[in-house]
Amino acid sequence: MVTAVSFTLNGTAVAAVAEPAETLLSVLRHRLGDTSPKAGCLQGTCGACTVLLDGEPVLSCLLLADAAEGRRVETVRGLADGPTLHPLQEAFMDRFAAQCGFCTPGMIMAAKALLDRNPNPTREEVIEAISGNVCRCTGYLPIIEAILEAARRLAARR
Amino acid sequence: MAKHRGRGVASVNYPIGMNLGGDPSQALVHATPTGKFVVTLSSIDLGQGMKSVTRQLAAETLGVPIEDVHVDTGDSDTGPHCMGSFASRGTHRAGNAVVAAAREAKEVLLEVAAEELEVDPRDLELDGRGNVRVKGAPARALSVRDVAQAAHFKRGKSISGRGMFLVPPSDVDPDTGAMRPVTTYAHACMIVDVEVDDETGEVRVLSIKAAYEIGRALNIGLVEQQLVGGAWMGISHALFETVEPYYPDRAHGPTDFNGYLMPGPGDMCPVEIEIIERPALDGPYGAKGIGEMCATPPIPAIANAIEDAIGVRITEMPFTPEKILRALDAKRAGR
Ligand code: FES
Ligand code: FES
């Protein structure tokens, strides 16, 4: 039997029906049309599906949709402010931190969770924060640089 | 029990493209009624930047702003033929086709503009900002948009071009076995420093320094991106990745990312790259290709560095702790 689930998605109240045992990733992608979290391994080992739940990074392919009930979900789709990109998105572009782009939404959300709680991370802390996210293309260095760059840009704004 | 440092070097001559039965690629370029250009090709962008480079090549050849070029790689079934995005051939093969197509389209563009301006097309040039003007008399100009409008609605002309690049089949000389499978090679030399733990058998790559000669670097950001990503892939091939660790025994093969290990962000060493530009005679604006070659030199360089560090030669990839420890045991036993 389907159940109803409601939460805020990037600041907007949303509601959807979910099958029993349906994951948050599936609800986001298939029922709410937010395809920005990617379906990679669907078993919790690649990080492509990373979204923020009340500000914490979670693997939405492992999380049952029910777990989001009444909570705050953020995906990379909600990051830009209209046409203005988030400093993380800008830094990823400027540092050539995406090639195929499949890991990018998860990387950026993992990075956002880090910068939200630790605006001035060390290189090691950046590495730690993205260590659950697999990238097949970039060799990680440009991603690490982009996150450090975004932290500097965010600091310059404050 | 100790950690040993070693240094290894590797060089690579890399053939751009391939040639079994000929290596062709085609491209089509056409102007829309608003004076924007569309390049249609089947060379797929899988993150390596085929679209960016195509836009650059078409804009440069046509003489229009890069914003005015759109690339459609939507469908290899219905698009112009391309052998594919592999063999480091995209920039060189498809790029040459894009340049040829853009040249032909530019000829029509200038013909129509010449009719409109009542001048000889040879006296016209593009200003790179979206206008066609008379050489030496820039006040006599028309926007590319107006030329496209005139072509579409007044002159009945299609501002379009066909581009084809073919490296013809190369036959093997029956006497000598010689053949010329490719027309250009890229080159690189890499120095890798490693640290090998003789107790755990673990190899850590400490630094990668490389010089790459790749013809003209059409887009330096994309080139560096490929080379850094390739360095990681090379480390991964050398030290981590295998689907059949005990081949031909299929046992213990990985089935997911938990078992199929690759270096993570914390395993990456600093990568220093020097790019040497030595334009290829037959490349689009001198470009060669860097697709596959960037993942190859780390493998022999790491093998050489391991040998330098602990005096054993590992000849099978990946160079896992198990293989290192077995080789050290054999060395100690005098085998
Ligand atoms: S899809 Fe969720 S971790 Fe891979
Ligand atoms: S950019 Fe392709 S997986 Fe990270």
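**Helix packing, chain contact and salt bridges**

In this predicted model, the buried residues of α2(A) pack against α3 (104-117) and α5 of chain A. Those buried positions of helix α2, which spans residues 87-94 of chain A, are P87(A), L88(A), Q89(A), A91(A) and F92(A). Just after α2(A) comes F96(A), whose phi is positive, at about 50 degrees.

F96(A) also takes part in the contact between the two chains, to which chain A contributes 22 residues and chain B 25 residues. Together with Q99(A) and R136(A), F96(A) is among the residues of chain A that lose the most area to chain B, the three accounting for 35% of what that side buries. The area buried between chain A and chain B comes to about 1700 Å², and 66% of this is given by carbon and sulfur atoms. Between chain A and chain B there is one salt bridge, in which R136(A) pairs with E241(B) and the closest N and O atoms lie 2.7 Å apart. Helix α5 (residues 141-157) of chain A supplies three residues, the largest share of the side of chain A that touches chain B, and the residues of that side divide into 15 nonpolar, six polar and one charged.

Elsewhere in chain A, D34(A) is located in the loop between α1 (24-31) and β3 (50-53). D34(A) counts as buried because its relative accessibility is 2%, and its side chain is joined to that of T75(A) by a polar contact of 2.6 Å. Leaving aside residues up to four places away in sequence, the residues that D34(A) touches include L9(A), N10(A), L28(A) and R77(A).

Over all chains, the structure holds 32 salt bridges. In one of chain B, the side chains of R7(B) and D193(B) meet at 2.8 Å, N to O, and this pair links strand β1 (residues 3-15) with strand β9 (residues 185-197), the two residues being 186 residues apart. R7(B) counts as partly exposed, at 47% relative accessibility, whereas D193(B), at 17%, counts as buried. A salt bridge of 2.7 Å, N to O, joins the side chains of D23(B) and R89(B); D23(B) belongs to strand β2 (residues 23-31) of chain B, while R89(B) is in the loop between β4 (69-72) and α2 (90-117) of that chain. Both D23(B) and R89(B) are buried.

The side chains of R155(B) and E115(B) likewise meet in a salt bridge, at 3.5 Å, N to O. R155(B) and E115(B) also belong to a network of salt bridges that links them with E111(B), E116(B), K154(B) and K157(B).

How values were computed:
Residues are numbered from 1 along each chain as its sequence is written. Chains are lettered from A and ligands numbered from 1 in the order in which they are written. This is a predicted model: local features need pLDDT of at least 70, side-chain atom pairs count only at pLDDT 80 or more; totals for chains, interfaces and linings use all residues. Side-chain values use heavy atoms; hydrogens and water are left out. Helices (H or I, at least four residues) and strands (E, at least two) are DSSP runs, numbered from the N terminus. Buried means under 20% relative accessible area, exposed over 50%, partly exposed in between (1.4 Å probe, protein chains only). A polar contact is a pair of N or O atoms within 3.5 Å; within protein, one must be able to donate a hydrogen and the other to accept it, and residues adjacent in sequence count only if both atoms are side-chain atoms. Contact means heavy atoms within 4.5 Å. Buried area is the accessible area (1.4 Å probe) that two parts lose on being put together, summed over both. A salt bridge is a side-chain nitrogen of Lys or Arg within 4 Å of a carboxyl oxygen of Asp or Glu. Ala, Val, Leu, Ile, Met, Phe, Trp, Tyr, Cys and Pro count as nonpolar, Asp, Glu, Lys and Arg as charged, and the others, Gly among them, as polar.
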